[in-house]
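Visitor: Please take me through one part of this model up close. Start with where the pieces touch, then work outwards.

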Amino acid sequence: MTEISAQLVKQLRDRTGAGFMDCKRALEQSGGNIEEAILILRKRGLAKAEKKAGRETADGLIGSYVHAGGKIGVLVEVNCETDFVARTEDFRNLVKEIAMQIAAMNPKYISPEDIPEEVLEREKEILREQARSTGKPEKVIERIVEGKLKKFYEENCLLEQPYIRDSNITVRELIAQTIAKLGENIRVRRFVRFQLNEPLE
């Protein structure tokens with residue numbers, strides 16, 4: 001078994017924010033390979049997040065972010081289970097990061113489940129027509145549509161977007177890592193993004 005040094009554990013903790021023992025176990029499991037250990041922790045983080053997903057989130061924070069000389073502004077409500085967690089630096093940082101993500105990437109929805117059925121159907125129809133114009137068979141067209149829908153979700157759904165500071169993870173995974181670290185369910189409830197002189201709907 002590979003001897004895991006405290007320095008290696010510290011490196012992994014600095015990169016992931018996970019607990020000491022979680023980092024040590026992941027490094028032991030990966031034979032001291034830090035990149036593989038990060039993957040192990042990410043998978044565990046998601047597993048922990050899924051276990052907590054059903055728990056009620058009655059507390060939280062409303063975060064704000066103003067960017068580009070006051071030309072873009074965001075308000076976001078992020079919920080957690082207790083005011084104790086809502087006051088932690090980790091939670092506050094997460095809320096700030098999510099607000100910055102919204103300012104930079106301009107998502108329209110929180111998750112794919114929030115996309116109205118008619119919007120989704122219209123998008124699928126556009127993608128089908130594009131695929132048909134290439135002369136591909138019908139069964140291949142559906143696979144092409146599914147692949148392109150994933151891209152549509154990444155562009156339009158906050159949780160599916162690559163995180164602006166680390167494109168190897170999504171915003172959903174960023175939240176899952178914080179859930180694993182803080183031990184409470186966390187969810188983005190709503191957000192609004194303003195841009196100076198944007199057309200009013």
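Guide: Start where helix 6 meets helix 7 in this predicted model. From helix 6 come L120, E123, K124, L127, R128, Q130, A131 and R132. On the helix 7 side they meet E138, I141, E142, I144, V145, K148, L149, F152 and Y153. Contact here means heavy atoms within 4.5 Å. Sorted by class, this contact holds nine nonpolar, one polar and seven charged residues. (Nonpolar covers Ala, Val, Leu, Ile, Met, Phe, Trp, Tyr, Cys and Pro; charged covers Asp, Glu, Lys and Arg; the others, Gly among them, are polar.)

Now the geometry. Helix 6 spans residues 117-132 and helix 7 spans residues 138-156. The two axes lie 9 Å apart, at an angle of about 130°. That angle makes helix 6 oblique to helix 7. (Under 35 degrees is roughly parallel, over 145 roughly antiparallel, 65 to 115 roughly perpendicular, the rest oblique.) Their crossing is right-handed. (The near helix is turned clockwise from the far one, by less than a right angle.) Axes are fitted to C-alpha atoms, for helices over the stretch in contact, and angles run from 0 to 180 degrees between N-to-C directions.

A word on the ground rules. Numbering starts at 1 along each chain, and local features need pLDDT of at least 70. Side-chain atom pairs need pLDDT 80 or more, totals for chains, interfaces and linings use all residues, and side-chain values use heavy atoms, without hydrogens or water.

Step back along the chain from helix 6. The loop between helix 5 and helix 6 holds N106. Phi of N106 is near 50°, a positive value in a residue other than glycine. N106 has a relative accessible area of 28%, so it counts as partly exposed. (Buried is under 20%, exposed over 50%, partly exposed in between, with a 1.4 Å probe and protein chains only.)

Before that loop lies helix 5, residues 89-105. Helix 5 packs with helix 8, residues 171-182, at about 175°. Their axes are 11 Å apart. Helix 5 is therefore roughly antiparallel to helix 8. On the helix 5 side, the residues are D90, F91, L94, E97, I98 and Q101. They meet V171, L174, I175, T178, K181 and L182 of helix 8. By class, this contact has seven nonpolar, two polar and three charged residues.

What else does helix 5 touch? An open sheet of three strands, in the order 1-2-5, with antiparallel pairing. (Strands pair if DSSP finds at least two bridges between them.) Strand 1 (59-67) and strand 5 (187-195) are the edges; each has a single partner strand, so one side of each lacks a neighbour in the sheet. On average, neighbouring strands are turned by 10° against each other, direction ignored. Strand 1 pairs with strand 2, residues 72-80, over nine bridges. Within that pair, I62 stands opposite E77. Helix 5 packs on this sheet and touches strand 1, strand 2 and strand 5. The direction of helix 5 makes about 140° with that of strand 2.

In a regular strand, side chains alternate between the two faces of the sheet. For one residue of strand 1, take L61. L61 has 21% relative accessibility, so it counts as partly exposed. L61 touches V76, E77, V78, A86, F91, R92 and V95, leaving out residues up to four places away in sequence. L61 and F91 are 30 residues apart in sequence, yet their C-alpha atoms are 8.7 Å apart. F91 is also one of the helix 5 residues that meet helix 8.

One more strand pair remains. Strand 3 (residues 162-163) and strand 4 (residues 166-170) run antiparallel, joined by two bridges. They form a hairpin with two residues between them. Y163 has D166 of strand 4 as its bridge partner.

Last, the whole chain. It has eight helices and five strands. (Helices are DSSP runs of H or I, at least four residues; strands are runs of E, at least two; both are numbered from the N terminus.) Along the sequence the pattern reads α-α-α-β-β-α-α-α-α-β-β-α-β. The C-alpha trace spans about 60 × 45 × 35 Å along its principal axes. Of the 201 residues, 39% count as buried. Among contacts between residues at least 6 apart in sequence, 58% join residues at least 24 apart.
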